[in-house]
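This report looks at how two protein chains meet. The sequence and the structure are shown first.

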There are 2 protein chains.
Amino acid sequence: MRAVKIVAAKKLLKANDQLAEENRAKLDASGVFGVNVVGSPGCGKTTLLEALFAALRGRLRGAVIEGDIAGSIDAERIEAIGIPVVQINTDGACHLDAAMIAAATQGLDYQGLDLLVVENVGNLVCTAGFDLGEHLRVAILSVTEGDDKVVKYPAIFQGSDALIVTKMDLVAMTNFKVDRVVADMQRLAPEAAIFQVSALHGDGIPALAEWLVGRRKMTNVESQITKE
Amino acid sequence: MRAVKIVAAKKLLKANDQLAEENRAKLDASGVFGVNVVGSPGCGKTTLLEALFAALRGRLRGAVIEGDIAGSIDAERIEAIGIPVVQINTDGACHLDAAMIAAATQGLDYQGLDLLVVENVGNLVCTAGFDLGEHLRVAILSVTEGDDKVVKYPAIFQGSDALIVTKMDLVAMTNFKVDRVVADMQRLAPEAAIFQVSALHGDGIPALAEWLVGRRKMTNVESQITKE
């Protein structure tokens, strides 16, 4: 009985990885750069996307896939700023997986698109285990969540290509020590870029937008080299 | 193949419910009131417990079970205020279950104890599905997470006996509308008590402590009636 269960779980994860590779290949073929945004509920993912798309206007043409347990609150916010958006309702499931992304992208036209951002379900744990087929995973941590989160939820931060510390406008009202979080992240993920932003006020958003444009360029060059 | 998987999942949930009933019976037999505290990472669960235990001093003798993916940061904070504490490391798992609580309580002496608080893993999704054997489930939402969370993560709020809105000292710095959250919660869980607190400054903590003392008294009376 136990053996059957383990085999099933392995099959499920393997299926996800295969689907993720297919999603990535589809993005590569169209020159679309995929970013998976993860973080706690309420860490400011949607507000960050609103600010980021404003900064990227005229440089990258983006679309968004919104992952939520229920409702379409975030998708409506993204639609309101004129960005194409597809809502996934997981109906209780605690993370997105590659199959959900494959289904959602059928509703998206990759032609004329440079950037696809997936806003994952708010969850600092379960989102860590599922490759969606993105090129980059970006972890968000707001200063109001406290500076112990990188140590307490290591898996999500360890596997991310960047850490974006959000709500920096509130840092003086909290006991959050940015230096501690930077040190913890550098220990867990030495290659990751680290940004400090206030999405509401725009601080740090231009640097983040610049980095994203640069990373997209690098990845496209790399995939062209691989193809030769 | 599919049928086997579904049966396994059902068995797992059923086993959890049975263990939860055993945990609850063990608490009842010793007159210990069990509270399961759930909320996002960084919503302020541990800071709330620090304030609450200070307010309960001389009234209820408490102990804590800390649930974390990794480390013992929260347990050390609870130990520092003189409260007996057991740390559960879930080693990656996204929620506590009744079996973990059964194991953890073997390290706790229920004699001379009135209150057992379980601080669950920071997760607004997966913790909703697992009865630990508690008498009350209390959901925490901090104002910095935004006022759309009750609608976006309904399961966790719907099954809770109270909503505690934390970090009220920061509310003026945010666009969080308390009225909206109260209305959403009253629609989802009409019986739930709602509190607004600032654990750092102590605002609202005495009322919360009073409510907890009252609910413990009610439950003990009820279980005595049931036994007759």
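What follows describes the interface between the chains and the symmetry that relates them.

The model is predicted. Chain A gives 33 residues to the contact, and chain B gives 32 residues. Together the two chains bury about 2,800 Å², and 67% of this area lies on carbon and sulfur atoms. On the side of chain A, P41(A), I73(A) and K152(A) lose the most area to chain B; together they make up 20% of what that side buries.

Some of the contact is polar or charged. Between chain A and chain B there are seven residue pairs in polar contact, counting pairs with both residues at pLDDT 80 or more. Three helices or strands of chain A each give two or more residues to the side that touches chain B: α1 (2–30), α3 (73–80) and α5 (149–152). The residues on that side of chain A fall into three classes, as the table shows.

| Class, side of chain A that touches chain B | Number |
|---|---|
| Nonpolar | 18 residues |
| Polar | six residues |
| Charged | nine residues |

Four salt bridges cross the interface of chain A and chain B. One of them joins the side chains of D68(A) and K152(B), with 3.7 Å from N to O.

How are the two chains related in space? A turn of 180 degrees, with a shift of 0.0 Å along the axis, lays chain A on chain B with an RMSD of 0.0 Å. This is the relation of a two-fold axis. Both copies use the same surface, since 97% of the contact residues of chain A recur in chain B.

Key:
Residues are numbered from 1 along each chain as its sequence is written. Chains are lettered from A and ligands numbered from 1 in the order in which they are written. This is a predicted model: local features need pLDDT of at least 70, side-chain atom pairs count only at pLDDT 80 or more; totals for chains, interfaces and linings use all residues. Side-chain values use heavy atoms; hydrogens and water are left out. Contact means heavy atoms within 4.5 Å. Buried area is the accessible area (1.4 Å probe) that two parts lose on being put together, summed over both. A polar contact is a pair of N or O atoms within 3.5 Å; within protein, one must be able to donate a hydrogen and the other to accept it, and residues adjacent in sequence count only if both atoms are side-chain atoms. Helices (H or I, at least four residues) and strands (E, at least two) are DSSP runs, numbered from the N terminus. Ala, Val, Leu, Ile, Met, Phe, Trp, Tyr, Cys and Pro count as nonpolar, Asp, Glu, Lys and Arg as charged, and the others, Gly among them, as polar. Copies are superposed by least squares on the C-alpha atoms of residues with pLDDT of at least 70 in both.
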